[in-house]
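Colleague: Mind if I pick at the labels on this model with you? I'd like to hear what stands behind each one.

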Amino acid sequence: MTPDTGRWIRNFVDGHFVEPDENRSFENVDPATGRVHARVHEADRALVDRAVQAGRRALEGWSGTAVRERTAVLRRAADLIEERFEEFVAAEIADTGKPVTQARDLDVARAVANFRTFADVVAAAGVESFLTDLPGGRQALNYAVRKPLGVVAVIVPWNLPLLLLTWKVAPALACGNTVVVKPSEETPATAALLAEVLADAGLPAGAYNVVHGFGADSAGEYLTTHPGIDGVTFTGSSATGAHVMRTVAPRVRPVSFELGGKNAAIVLPDADLTETLDGLTRSVFANTGQVCLCTERVYVHRSVFADIADGLVERAGALRLGRPLDEATTTGPLISQAHRDKVRGYFALAEQSGAKVLTGGGVPELGDGLDGGSWIEPTLWTGLTNADRPVREEIFGPVAALIPFDDEDEAIALANDTDYGLAASVWTRDLRRGHRVAQAMNVGMAWVNTWFLRDLRSPFGGVGLSGIGREGGASSLHFYTEPTNVCVHL
């Protein structure tokens, strides 16, 4: 059983990889070189239906399995990912072009952690109970029993495909659901590879299915409109999230959406310069800016503005763009030529708005067979305001606007002046001030003197255009299950 036969990436339904259809396929392109390295079998409506029906058949048996047995499968899956660690690294790099150090240290490592963490969370989960006093000295006992949501559609983006896939699949399976996964058409490989691992870990056939394709008139639409789907978890753009919500609304299915972000950082005058610059370098440029949590708006107190601007320019210049397998590479390409065209469009908008380019602003010439890839220069601007489109709209690239402020209240107002509300970071030596400003942010997550530091048990999600609902720890349990309250008159 293999997901790649003759350079094919295949659908996985009811415990088996499906023989590909030559007439219904698309190319899988290496973003670092622009070369095709595989073909992907696009699922048609009938195949998506087969996947959902397989999930439905497997649901009763899997949901009826004892929690200790379900969590044992998750822990075994984590072990098997570790055994095949470099295979997952290679698949992630082929799909995304990201540096090998990131694929190892973040993407695949977090996949392992996701399975183990949610095995622990579900194994330790209890139920709420209340004793209700009644007239005459009698009582009633109320307790909640959590049941699986059912067959869950898991729609995963291309920026952190394995990390976000396992972030959703692990708690869904741990809670007794079955899943049909639709990975991004840009990054299909690791979802198929995970099918092998879960089968070898003892997951029953039909509990994990993978259908490849696009959104409209393809696997994404067929999946979200399918009457056999009991809930949808989606990470991606705000526009696509809104479309999915409209799609499931007639059937009133629950959704969990982690959508776009236009995240702010606030650098206060007493911030530690080195610590702040190190943190901002990560938050602006990590994964070539293709992380929903990345910082695209940096508000800096006027007294330290020049120091922060100069320091970030220096650090941007030290980033190394190059072959993903080179250990010295720090920065990979954008995911596709189409996405690079979008980012370059914002470069032009920034210029029209009067931006000053501190560094970057173009396409690098790298040679070494890489110039066919989707490369872009890390870019920093000054001279923009909150009224300008490059400061208001999500760009999703290695780019940020630096904007000065004069006092704390102004900084908070500027940071909150957005339709998004995913994440923010605050940089200050004064922890009392850090608490105060972080709590004033209209976001789902706020960091003080750090960025992207996660406890997987804590709530994850955003407000406004950044999403609806929370996942992580108990929040994931609440989404992937439905409570039934039992009341017993004592």
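**Cavities, pockets and labels**

Modeller: Sure, and we can start inside: the second largest cavity has a volume of about 80 Å³. Its lining takes in 14 residues, with K168, S256, E258, F460 and E471 nearest the centre. The elements giving two or more residues to that lining are α5, β11 and β12. Keep in mind that this is a predicted model.

Colleague: What makes something a cavity and not a pocket?

Modeller: A cavity is a set of points where a 1.4 Å probe fits but cannot get out, whereas a pocket is an open set. With 30 Å³ as the lower limit, there are 5 cavities.

Colleague: What lines the largest cavity, and how much space lies in it?

Modeller: About 100 Å³ of space lies in the largest cavity. Its lining residues are R110, L160, L163, L164, W167, C292, L293, F452, R454 and F460. Helix α5 (residues 161-174) gives the most, 3 residues.

Colleague: How do the lining residues of the two cavities divide by class?

Modeller: For the largest cavity there are 8 nonpolar, no polar and 2 charged residues. Arg counts as charged, and R110 and R454 are both in that lining. The second largest cavity has 6 nonpolar, 4 polar and 4 charged residues in its lining.

Colleague: R110 also sits in α4, I think. What makes you say there is a kink in α4?

Modeller: The bend at a residue is the angle between axes fitted to the seven residues ending there and the seven starting there. In α4 there is a kink of about 30°, centred on R110.

Colleague: How do you know what span to expect for α4?

Modeller: Take 1.5 Å times one less than the number of residues. α4 has 25 residues, so 36 Å is expected by that rule. From first C-alpha to last, α4 reaches 35 Å, close to that value.

Colleague: On to the open sites. What do we have for the largest pocket?

Modeller: The largest pocket has a volume of about 870 Å³. It is lined by 36 residues, and W158, F234, G236, S237 and T240 are the closest to its centre. Two or more lining residues come from each of α7 (219-224), β11 (231-235), α8 (238-248) and α11 (337-352). α8 gives the most, 6 residues.

Colleague: And which class would G236 fall into?

Modeller: Polar, because Gly is counted among the polar residues here. The full split for the largest pocket is 14 nonpolar, 15 polar and 7 charged.

Colleague: What about the second largest pocket?

Modeller: That one has a volume of about 470 Å³. Of its 19 lining residues, A125, G126, V127, R146 and L477 lie nearest the centre. β7 has the largest share, 5 residues. By class, the lining has 11 nonpolar, 4 polar and 4 charged residues.

Colleague: Back to β12. Why are both faces of that strand called covered?

Modeller: Buried means under 20% relative accessible area. In β12 (residues 255-258), V255 and F257 on one side are buried, and so are S256 and E258 on the other. β12 pairs with β11 in the parallel sense over 4 bridges, and S256 is the bridge partner of T233.

Colleague: Why are β1 and β4 called edge strands?

Modeller: They belong to an open sheet of 3 strands in the order β1-β5-β4, with mixed pairing. β1 (8-9) and β4 (25-29) each have a single partner strand, so one side of each has no neighbour in the sheet. β4 runs antiparallel to β5 (residues 36-41), joined by 5 bridges, and F26 has V40 as its bridge partner.

Colleague: Why is D14 called partly exposed, while V252 is called exposed?

Modeller: Exposed means over 50%, and partly exposed lies between that and 20%. D14 has 26% relative accessibility, so it counts as partly exposed. V252 has 69%, so exposed is the label. I468, in strand β22 (residues 467-468), is partly exposed at 37%.

Colleague: What makes the backbone at D14 and V252 worth a flag?

Modeller: Each has a positive phi although it is not a glycine: about 55° for D14 and about 50° for V252. D14 is in the loop between β2 (12-13) and β3 (16-17), and V252 is in the loop between α8 and β12.

Conventions: Residues numbered from 1 in each chain as written. Predicted model: local features only at pLDDT ≥ 70, side-chain atom pairs only at ≥ 80, totals over all residues. Heavy atoms only, no water. 1 Å grid on protein atoms, 1.4 Å probe; cavity = no way out; pocket = protein on both sides within 12 Å on 5 of 7 lines; lining within 4 Å. Points joined across faces, edges and corners; volume = space filled by probe spheres on them. Buried < 20%, exposed > 50% of the residue type's maximum accessible area, 1.4 Å probe, protein only. Pairing = 2+ DSSP bridges.
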